[in-house]
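Visitor: Hey, could you walk me through this model? I'd like to start with a strand pairing and go from there.

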Amino acid sequence: MKSYDTGKIVPDPIQPSKEDEVNAAVYVYPFGNESGGVEAEITLTLASDLETRTDLIAAIPPLKYNKSLLVMLTQDDCKQSAFSMTWAAIHGKPIDLSDPKRKYYYDIENLEAGDLPPHASALGKTLGSTDGFGNEIRFHFTTTVAPEWGFMRVPTSVKPGFTGNYYRFYMKSGLRWNNVRTLVNTGNAIAFHDVNTLATHHLDSVVKHLAIAQQITQQALGGRKIKFLAEPNGNKTYLAAALQFPDIQTMTAQSGASVLIPYQVASDLHKTTLERVFVNHPTQAKDLVLRAQSMAPKDRPAVHLGVHETDREWAQLLLWLNDHYGQDGQDVLWFPSQEEYYEYHYYRQHSDVSIHINGREVKIKVKLPRQAHFYYPSLTLNIPGLKMAMIKSVHSNESVTGLSYGDFGDGISINFDSRKYLFEHADHYVKKYQSQPSKSNLADAKYQVSALKDNDQKKELLKLLD
């Protein structure tokens, strides 16, 4: 186990035995092959000519899916509970409900094999909001990673049915790469935090080790790089290093940072440090949400929570958010990672959006800016003056892989996604369900398929899930 205060590395107290298999790397989305500078086209064919409307505009709202409450969560210190508690609760997987004094953890290999700690049980549903048109968007959060430390590469012990002891479920030094691969596959983000140097107050040393950590991450995660830094231990040297290290584009800190009010942001937030708050108990996080929700949307600050270890009380907080402000409540909540929010806001500031009308055809063109290490090429567009009753059909070009739309306010709203491998990604989860049929795997497969735009490929995947 590594101590983040001293920089020393101490071996895990429980090491996998020699007879345990070395765990193979799990699937990871090919992030490094994503296209930048996407040109999306969405064509609306109307039931009749737009004779009097030549002034249609498309506006990008401050928050995706037209939500009015923004909540974000960063989990520091590369904690194993980011997978077996935070991620598991959101995705309807079993979480540890045992004695809080003897908490248990597991890895993705344990989950896939049905090898779980005693008393592990799921919340009974997945947690999220909707896209405004009935499609679930699960909560996304950030975990920091520790690429320079060996604990991320150790194998894990998998022994289904073995109850002689539960050593394999004791807390490890931190997340393993296979757990992180699962996190990023499902929309969550990663961040720099500590680097492996004793010279943590020397700028050059921190910058050097950020580059080392970046190279390791890129190799481990299908070409994905980190562009987000969560300041560790209040050490401002890391923020100075982030300004020098080109890959880092967005940061967070608990002091000396900017309070984010989404409806009032004028800049693109590049290289801006956003404020987060560490609370002593999840009930304090509820108070922050209630206080924000009591304010008018234009004045409402983001609720950005920092946490180290999460437990079942944090899982209950996520459930409360789902039931009150998410898909089973008012559905006003967008819960992205800071990285996802940053990308959406950057696209909002810099995308080129135009509308061309030719008789019954309304063509919407969106040119996204080409920016390094962007992994969420998606936007929400609002178009006043049109209603779905006026639209005969909707089509899009190949750059659009996910698409949903419907009436909103005095017009329509469109959500589009341009991830290049969205179909292959959904296909992976369908195949996973076919090879490992379970209620949870079926829910995951349907969730990933629902992200696709309607076409023949989507219909074929849905047939496999009937």
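**Strands, helices and rings**

Guide: Sure, start here: T252 stands opposite L274 in β11. One caveat is that this is a predicted model, where local features need pLDDT of at least 70 and side-chain atom pairs need 80 or more, while totals for chains, interfaces and linings use all residues. Residues are numbered from 1 along each chain as its sequence is written, and side-chain values use heavy atoms, with hydrogens and water left out.

Visitor: How many bridges join β10 to β11?

Guide: Four, between β10 (residues 250–253) and β11, and the two run parallel. Strands here are DSSP E runs of at least two residues, helices are H or I runs of at least four, and both are numbered from the N terminus. Two strands pair if DSSP finds at least two bridges between them.

Visitor: What's the strand order in that open sheet?

Guide: β9-β10-β11, with parallel pairing. The edge strands, each pairing on one side only, are β9 (228–230) and β11 (272–275). From one strand to the next, the twist averages 25°.

Visitor: Which helices pack on the sheet?

Guide: Helix α5 (residues 236–244) does, touching β9, β10 and β11, and its direction makes about 170° with that of β10. Helix α8 (residues 338–350) also touches β9, β10 and β11, at about 135° to the direction of β10. Contact means heavy atoms within 4.5 Å. For the angles, axes are lines fitted to C-alpha atoms (for helices, over the stretch in contact), and values run from 0 to 180 degrees between N-to-C directions.

Visitor: OK, helix pairs. How do α6 and α7 cross?

Guide: Their axes come within 9 Å and cross at roughly 20°, with α6 at residues 282–293 and α7 at 312–324. So α6 is roughly parallel to α7; the cut-offs are under 35 degrees for roughly parallel, over 145 for roughly antiparallel, 65 to 115 for roughly perpendicular, and oblique for the rest. The crossing of α6 with α7 is right-handed, meaning the near helix is turned clockwise from the far one by less than a right angle; anticlockwise would be left-handed.

Visitor: Which residues meet there?

Guide: On α6 you have P282, A285, K286, V289 and L290, and on α7 E313, W314, L317, W320 and L321. By class, the α6 contact with α7 has eight nonpolar, no polar and two charged residues. Nonpolar covers Ala, Val, Leu, Ile, Met, Phe, Trp, Tyr, Cys and Pro, charged is Asp, Glu, Lys and Arg, and the others, Gly among them, are polar.

Visitor: And how does α1 cross α7?

Guide: The axes of α1 (residues 81–90) and α7 come within 10 Å and cross at roughly 20°, so α1 is roughly parallel to α7. M85, T86, A89 and I90 of α1 make the contact with R312, A315 and L318 of α7. Those divide into five nonpolar, one polar and one charged.

Visitor: Switching to rings, how many aromatic pairs?

Guide: The count comes to 17. Rings of Phe, Tyr and Trp (its six-membered ring) pair if their centres lie within 6.5 Å; planes under 30 degrees apart are stacked, over 60 edge-to-face, and the rest tilted. Among the pairs, Y29 and Y421 are edge-to-face, at 6.0 Å centre to centre with 75° between the planes.

Visitor: Where do Y29 and Y421 lie?

Guide: Y29 lies in the segment before β1 (39–46) and Y421 in the loop between β20 (411–417) and α9 (422–435), so the pair ties together parts that are 392 residues apart in sequence.
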